[in-house]
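Q: Could you take me through one part of this fold up close, strand by strand and contact by contact? I'd like to hear about the small sheet and what sits on it, and then how some of the helices pack.

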Amino acid sequence: MDIQKKLVEQFSISAIHMENIIKLIDEGNTIPFIARYRKEMTGSVDDQLLREISDKLIYLRNLEERKSLVINQIEEQGKMTDEILEALTKAATMTEVEDIYRPYKPKRRTRATIAKEKGLEPLALLIWGQDVSEDIRLLAKEYIDGEKGVETVEEAMEGAMDIIAEIISDEAKIRAVVRQKAVTKGYFTTRAIDSEKESVYEMYYDFTEPVNKVASHRVLAANRGESEDFLSVKIEAPDDEILSAAVALIDKGNRFTSNFLNDASNDSYKRLIWPSIEREIRNDLTEKAEEGAMKVFSENLRQLLLAPPIKNKVVLALDPGFRTGCKFSIIDGTGKVLETGVVYPTPPNNKIDQSKKTLMPLMDKHNVEIVAIGNGTASRETESFTADMIKEMNKPVSYIIVNEAGASVYSASKLGAEEFPDFDVALRSAVSIGRRMQDPLAELVKIDPKSIGVGQYQHDMNQKRLGETLGGVVEGCVNSVGVDLNTASPSLLSYVSGISGALAKNILEYREENGRFLSRKELLKVKKLGPKAFEQCAGFLRISKGECKNLLDSTGVHPESYEAAEKLLEICGLKKDDIGSEKIRDISKKILDLGEAAKELGVGALTLKDIIKELEKPGRDPREDMPEQILRSDVLSMEDLQEGMILTGTVRNVIDFGVFVDIGVHQDGLVHISQISDKFIKHPLEAVSVGDIVTVKVLGIDLNKKRISLTMKMPK
């Protein structure tokens, strides 16, 4: 197989660009580095597509490796033919390869192997070959052998039929037909194990949907219901039609063998082929459902990580609780913890006045502008207390509800203990809640992405694959924003292109021993950070304008392009000191021919375009383009809602069948996919993303079940 050609066909990328991408990956370059600094070589392919190409490249290489192994195994058995070799060479999937290899695979002891031990294989091959002109039972008499355990014609025939059934089950063309018909004409069905038992799976107690149309979230829900012993899940197929098609592939119409082949096919299908194919189809459905869910999870996570920071604001962070009270921390605009403690404004303590007396003076003292409230247990009661307290303040203060998913994971982690050794676990949670409001990306990188609650069925998935996928998302986000070399935590640094966890710690050690970095070149003095790692990471690590010796170190211009950037400034009559100033804002207008200028500077046109952008707006934060977080000053409860009410909310989670929107009542409302847009959409992500600010209308409120139905379809 020509892997490069296959990738070109699948991804519609030119052969030369694909060749370069493969070469860059093989040379050990990271995806963010390739996407950002090798645009001419790749045709400006983005990091998401590069990751897909990398995954497919690994799959195809593993496929070729498996083919070689299978070919060697069959050749060692002396059974290789031109037909088998051609089939293996053309095989495009692992399933095809395994189907071809199946007859030659070492087998455990089966009914067929036992029959072969009794000397019945020649009889089976006679029937299978169908070159017979007399009653098979007469031929079977010759194979009666008491010493081998074959006492009668019936026993001889049974053994022969077992061998034929296994031959049929190993036939790649038969398995392909069974699989194809099961997928195109089969049904995915779920039934209740106990229909009297209440559960969240009640809609699946008697559920049927075509295999080729079943929605991913239903497959995952059914799998979970099955694992929790609420559901029985099966693939139901048109057995008679499938059997007829299978028999048609092998029966040559010999009247002496046809009935036997029919019987053997029936046995083979029910006992050997179908259980295996059903497992395969279920596995395929699950794999596709998981891949789909991972894509949704990835997109939700990307939007959450790229939520705009609320910079330079002093925040009071509250981690709500009932019996244990509300843990609080006051954090300045740089993330430094100023105060911590516990108040008890919620039941059963209800020390509202005392809590206000503790918090209000501290808020005045530190000039708190925003209160960040975690959305967990006692959040609603804490929100109500906060709204009342704000009304009594003599200056404007807002509050915001922060998704605290994963905060407790961070608090109890080794990282949390290292960062705040003198704080107990609960106080670390309060700090995490406040900091994730100030800079979501910097704080959320400290938490395992799987613990951030914006996915669907994430705990049921292949955890290794999920971890790799989400890790790639975090890496992409961190590198798209860039990292301040002098303030970044080890967690943030470890997601920078080319920097491992060990290197991140070495950078921190260097910073502690030698003080702040004054230039990117200093990175080469960090223990074990060599030229290759420097090449991969340097462009994503920034030194703020007031601290760097070379202003280009404060931009996203890669050190390899400094000479070109300096020459460009010279051509335009500018100096390095002008970077980011008004003088440089219109530098792009001074370049009349980008292509000619790029040639003169010795760089590609795409690279020059990026250099100009960075010189005009050094270190620009892409999160500035995202919708701002909603700040509130008064509380609204579910009881205040009425049908027809129009509200503004924030999209908190996107799933296959809709989106959950925070409308400020502690309980997120659901906008079903049918209520998102007037035009048809296959998935909610076509219309909305996590973090979007949307206008919704209340369709229904169920106070008992705590459900809110919303629509985004507004009257014209």
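A: Happy to, and keep in mind that this is a predicted model. Let's start with the sheet. Three strands make up an open sheet, ordered β2-β1-β3, and the pairing is antiparallel. The edges belong to β2 and β3, each with a single partner strand, so one side of each has no neighbour in the sheet. From one strand to the next, the twist averages 15°.

Now for the pairings themselves. On one side, β1 (residues 187-192) is joined to β2 (residues 206-210) by five bridges, with the two running antiparallel. If you want a landmark there, Thr190 stands opposite Phe207 in β2. On the other side, six bridges tie β1 to β3 (residues 231-236), again antiparallel. Here you can pick out Phe188, opposite Ile235 in β3, and also Arg191, which faces Ser232 in β3. Packed on the sheet is helix α13 (residues 216-227), which touches β1, β2 and β3, and its direction makes about 130° with that of β3.

Next, walk back along the chain to helix α7 (residues 94-101). Its buried residues are Val97, Asp99, Ile100 and Tyr101. Those buried residues pack against α5 (47-76), α6 (82-90) and α12 (172-185).

Two of those partners also pack on each other. The axes of α5 and α6 lie 10 Å apart, at an angle of about 170°. That angle is over 145 degrees, so α5 and α6 count as roughly antiparallel to each other. From α5 come Lys67, Val70, Ile71 and Ile74, and they meet Ile84, Leu85, Leu88, Thr89 and Lys90 in α6. Sorted by class, the residues of this contact of α5 with α6 are six nonpolar, one polar and two charged. For the spacing along a helix, remember that there are 3.6 residues a turn, so residues three or four places apart point the same way.

For another helix pair, jump ahead to α28 (residues 594-601) and α29 (residues 605-616). They pack at about 95°, with axes 9 Å apart, and α28 and α29 are therefore roughly perpendicular to each other. On the α28 side you'll find Leu594, Ala597, Ala598 and Leu601, meeting Ala605, Leu608, Lys609 and Ile612 of α29. By class, that contact of α28 with α29 holds seven nonpolar residues, no polar ones and one charged.

Terms used
Residues are numbered from 1 along each chain as its sequence is written. This is a predicted model: local features need pLDDT of at least 70, side-chain atom pairs count only at pLDDT 80 or more; totals for chains, interfaces and linings use all residues. Side-chain values use heavy atoms; hydrogens and water are left out. Buried means under 20% relative accessible area, exposed over 50%, partly exposed in between (1.4 Å probe, protein chains only). Helices (H or I, at least four residues) and strands (E, at least two) are DSSP runs, numbered from the N terminus. Contact means heavy atoms within 4.5 Å. Axes are lines fitted to C-alpha atoms, for helices over the stretch in contact, and angles run from 0 to 180 degrees between N-to-C directions. Angles under 35 degrees count as roughly parallel, over 145 as roughly antiparallel, 65 to 115 as roughly perpendicular and the rest as oblique. Ala, Val, Leu, Ile, Met, Phe, Trp, Tyr, Cys and Pro count as nonpolar, Asp, Glu, Lys and Arg as charged, and the others, Gly among them, as polar. Two strands pair if DSSP finds at least two bridges between them.
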